[in-house]
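Let's take a walk through this structure together, going from one set of contacts to the next. Have the picture open and follow along.

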Amino acid sequence: MLQLYFYPMACSLACRIALMEAAVEARYHLVDIFGKKVMENDGDFWRVAPKGAVPVLVLEDGQTLTENAAVLQYIADLRPDLELAPPAGHLHRYRLQEWLSFVGSEIHKGFLFPSFWYANEAAKASARARIGKTLSVAAAHLENRSYVIGQRFTIADAYLAWSLLLLERCGVDVGEWPSLAAYLARMQERPKVKAAIEIELQIRKTLPRR
Ligand SMILES: N[C@@H](CCC(=O)N[C@@H](CS)C(=O)NCC(=O)O)C(=O)O
């Protein structure tokens with residue numbers, strides 16, 4: 001069985017959403033990403049993941065896969081029938097990678113990461129200065145679309161929806177971009193997305209406040 005190392009409401013939530021949308025069973029390991037401990041056995045997370053970050057997907061043969069863009073595509077490709085990722089060779093596959101990169105670098109690392117992890121207020125302020133422009137690109141894209149790619153839910157939606165969900169916690173009002181707010185509400189109505197968020201919110205409540 002696949003195993004996912006995660007921290008509740010962190011970016012690994014996108015991978016939980018993908019696993020649930022794909023109906024792929026997995027064992028979930030809660031990680032204290034601050035103390036780098038695997039919670040169930042107080043294990044050293046550095047030994048699982050030299051990057052010290054979630055998500056980490058452990059494959060059936062014991063190899064590990066990291067980086068949201070790769071983990072999400074791996075999960076999607078387990079169930080090609082569900083088209084959670086467009087097929088390789090189709091332009092939509094490269095659109096998908098375009099959006100996974102955009103969310104990963106511009107929203108996740110460009111804004112959420114410094115907001116949560118940097119103590120430096122100047123660095124936070126410069127990230128803050130860019131985020132409006134970044135979100136305007138996503139908002140314009142979603143003006144007349146239900147999903148990021150094509151006519152159906154893909155792993156790009158899992159990653160973008162997670163990132164939008166977290167913005168509120170960093171003081172960004174997604175309501176300033178009505179198409180994004182409507183998109184996020186639609187994504188949260190999806191039964192698997194809703195269930196994944198609920199599971200992680202419940203786990204989060206058991207942990208010390210950060
Ligand atoms: N480039 C990685 C970033 C992963 C990442 O930043 N994960 C955060 C949680 S959202 C984390 O575990 N941070 C702990 C740390 O960087 O020490 C990816 O896209 O998967």
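How many residues apart in helix H4 are Trp 99 and Phe 102, and what does that separate them by? They are three residues apart in helix H4, which runs over residues 91–117, so about one helical turn lies between them. Keep in mind that you're looking at a predicted model. The rings of Trp 99 and Phe 102 make an edge-to-face aromatic pair, with 5.4 Å from centre to centre and 80° between the planes. Both Trp 99 and Phe 102 are buried.

That pair has company: the count of aromatic pairs comes to seven. Another one to look for is Tyr 7 with Phe 34, again edge-to-face, at 5.5 Å centre to centre and with 85° between the planes. Here the partners come from separate loops. Tyr 7 sits in the loop between strand S1 (2–6) and helix H1 (12–21), while Phe 34 is in the loop between strand S2 (26–32) and strand S3 (37–38), so the pair ties together parts that are 27 residues apart in sequence. Is each of them buried or partly exposed? Tyr 7 counts as buried because its relative accessible area is 6%, under the 20% cut-off. Phe 34, on the other hand, is partly exposed at 32% relative accessibility.

Now widen the view a little. Tyr 7 and Phe 34 join Phe 113 and Trp 117 in one aromatic cluster. Phe 113 also has a charge for a neighbour: the charged end of Lys 109 sits over its ring, 3.4 Å from the centre. Phe 34 and Trp 117 turn up again on the surface, where they make a nonpolar patch of about 380 Å² with Phe 116 and Tyr 118. Tyr 118 belongs to the loop between H4 and H5, and at 37% relative accessibility it counts as partly exposed.

Next, have a look at Arg 16. Its charged end sits over the ring of Phe 6, 4.6 Å from the ring centre. Arg 16 also forms a salt bridge with Glu 200, and the closest N and O atoms are 2.5 Å apart. This one links distant parts of the chain, since Arg 16 is in helix H1 and Glu 200 is in helix H8 (residues 191–205), 184 residues apart. Both ends are buried: Arg 16 has a relative accessible area of 4%, and Glu 200 has one of 0%.

How many salt bridges does a search of the whole structure find? The answer is 10, and two others are worth a stop. Glu 67 and Lys 51 meet at 2.9 Å, N to O. Glu 67 is in the loop between strand S6 (64–66) and helix H3 (68–78), and Lys 51 is in the loop between helix H2 (45–48) and strand S5 (56–58), 16 residues apart. Glu 67 is partly exposed, with 45% relative accessibility.

Then there's Asp 77 with Arg 93, bridged at 2.8 Å, N to O. This pair links helix H3, home of Asp 77, to helix H4, home of Arg 93. The two ends differ in cover: Asp 77 is partly exposed at 41% relative accessibility, whereas Arg 93 is buried at 7% relative accessible area.

Last stop: Gly 150, in the loop between helix H5 (121–141) and helix H6 (155–167). Gly 150 is partly exposed, with a relative accessible area of 30%. Measure along the sequence and Arg 95 is 55 residues away from Gly 150, yet in space the two are 9.6 Å apart, C-alpha to C-alpha.

Key
Residues numbered from 1 in each chain as written. Predicted model: local features only at pLDDT ≥ 70, side-chain atom pairs only at ≥ 80, totals over all residues. Heavy atoms only, no water. Helix = DSSP H or I, 4+ residues; strand = E, 2+ residues; numbered from the N terminus. Buried < 20%, exposed > 50% of the residue type's maximum accessible area, 1.4 Å probe, protein only. Phe/Tyr/Trp six-rings, centres within 6.5 Å; stacked < 30°, edge-to-face > 60°. Lys NZ or Arg CZ within 6 Å of the ring centre and 35° of its normal. Patch = residues over 30% accessible without salt bridge, like charges linked within 9 Å, V, L, I, M, F, W, Y side chains within 5 Å. Areas by Shrake-Rupley, 256 points an atom, 1.4 Å probe, with all protein chains shown as cover. Salt bridge = Lys/Arg side-chain N within 4 Å of Asp/Glu carboxyl O.
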